[in-house]
Amino acid sequence: MTAPLLTARNVSVRLGGRTIVDDISLTLQANEFVVLVGPNGAGKTTLIKALAGLVAAFGEVEIEGRALSSVPARERARRLAYLPQGHDFSWPLPAAEIVALGRYPHADPFSPVSQGDRDAVMHALEITGTKAFANRIVTTLSGGERARVALARVLATQAPIVLADEPTMSLDPRHQFVVMDLLRHAAHESGAVLAVVHDLALAARYADRVIVLEQGRVVADGKPDIALSTERIAHVFGVEADMIEIGGAKLPLVRRPL
């Protein structure tokens with residue numbers, strides 16, 4: 001097996017005097033789509049930010065065998081793309097210009113925009129279904145449209161590692177499937193993706209591997225049908241679930257709270 005694209009060893013994060021992420025170790029292999037799940041307050045967002053170098057953390061994070069802290073910011077942005085939750089935009093720019101910001105880490109500030117940049121932006125707009133409103137001001141778009149613009153910006157970066165925090169937030173069912181398809185394709189074709197997802201059935205349907213967090217610690221890391229067993233769902237999420245089979249995949253169907 002080749003070396004992981006991303007490695008975390010004994011990562012912990014303390015905020016406000018509390019331990020939010022507690023001694024977590026994990027890897028992200030090339031061509032792997034990993035989904036991170038857990039109840040509210042489990043530390044999912046904080047962990048994603050720590051892996052992206054956006055919050056101070058104890059332990060070690062490496063990208064492609066190099067300490068994250070030793071990689072210059074511009075190079076880091078070319079190798080690792082981060083999609084935050086919320087999809088808030090402060091600038092009233094056309095959607096296409098927001099997507100083009102994903103090319104900033106590749107840009108030479110003294111050179112014109114390259115054809116490669118234009119091609120990457122156009123491809124990202126097309127595959128996310130955002131080309132139709134590329135010229136609209138992003139702050140006038142719906143929440144679901146903004147979510148897809150934010151994903152297009154990340155995909156335009158063409159970074160081999162993508163960390164996505166709730167990429168399906170505010171999306172209708174169809175576009176949830178579209179986004180999960182895009183992330184899985186990005187992982188399998190050109191790198192690796194770690195995404196926070198709340199919908200357990202979506203996680204089980206799309207992920208190569210599922211990591212389950214509870215109170216800041218990893219309590220499961222494996223194939224979806226193993227990590228998301230009905231017993232673990234009951235213990236971690238406090239809900240009863242049945243396993244159903246759709247298209248050869250076993251998916252948890254949540255029934256009621258316990």
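Which residue forms a salt bridge with Arg255? Select Arg255 and Glu240: the two form a salt bridge, with the closest N and O atoms 2.9 Å apart. A salt bridge here is a side-chain nitrogen of Lys or Arg within 4 Å of a carboxyl oxygen of Asp or Glu.

Before moving on, note that this is a predicted model, in which local features need pLDDT of at least 70 and side-chain atom pairs count only at pLDDT 80 or more, while totals for chains, interfaces and linings use all residues. Residues are numbered from 1 along each chain as its sequence is written, and side-chain values use heavy atoms, with hydrogens and water left out.

**Stop 1: strands 11 and 12**

Keep Arg255 selected. Arg255 lies in strand 12 and Glu240 in strand 11 (residues 239-246), so their salt bridge ties together parts that are 15 residues apart in sequence. Strands (E, at least two residues) and helices (H or I, at least four) are DSSP runs, numbered from the N terminus. Arg255 counts as exposed, at 52% relative accessibility. The terms are set as follows: buried is under 20% relative accessible area, exposed is over 50%, and partly exposed is in between (1.4 Å probe, protein chains only). Now add Asp242 and Arg256, which are linked with Glu240 and Arg255 in a network of salt bridges.

Next, select Leu253, in strand 12 (residues 249-257). Leu253 is partly exposed, with a relative accessible area of 44%. Add Ile244 and Ile246: with Leu253 they form a nonpolar patch on the surface, about 240 Å² of accessible area together. Patches are made of residues with over 30% relative accessible area and no salt bridge, joining nonpolar side chains (Val, Leu, Ile, Met, Phe, Trp, Tyr) within 5 Å and like charges within 9 Å. Accessible areas come from the Shrake-Rupley method with a 1.4 Å probe, and for residues only the protein chains shown count as cover.

**Stop 2: two other salt bridges**

The structure holds 14 salt bridges. Select Glu32 and Arg209, whose side chains meet in one of them (2.9 Å, N to O). Glu32 lies in strand 3 (residues 32-37) and Arg209 in strand 9 (residues 209-214), so this pair ties together parts that are 177 residues apart in sequence. Glu32 is buried, with a relative accessible area of 12%. Arg209 also counts as buried, at 12% relative accessibility.

Then go to Arg79 and Glu64, a salt bridge with its closest N and O atoms 2.5 Å apart. Arg79 is in helix 2 (residues 73-79), and Glu64 is in the loop between strand 4 (58-63) and strand 5 (66-67). Arg79 is partly exposed at 29% relative accessible area, and Glu64 is partly exposed at 32%.

**Stop 3: Asp165**

Is Asp165, in strand 7 (residues 161-165), buried or exposed? Asp165 is buried yet has no salt bridge; Lys49, the nearest side chain of opposite charge, is 6.4 Å away. For charge, Lys and Arg count as positive and Asp and Glu as negative, with His and the chain ends not counted. Show Gln85 as well: its side chain makes a polar contact with that of Asp165 (3.1 Å). A polar contact is a pair of N or O atoms within 3.5 Å; within protein, one must be able to donate a hydrogen and the other to accept it, and residues adjacent in sequence count only if both atoms are side-chain atoms.

**Stop 4: Ala156**

Finish at Ala156, in helix 5 (residues 143-157). Ala156 is buried, with a relative accessible area of 0%.
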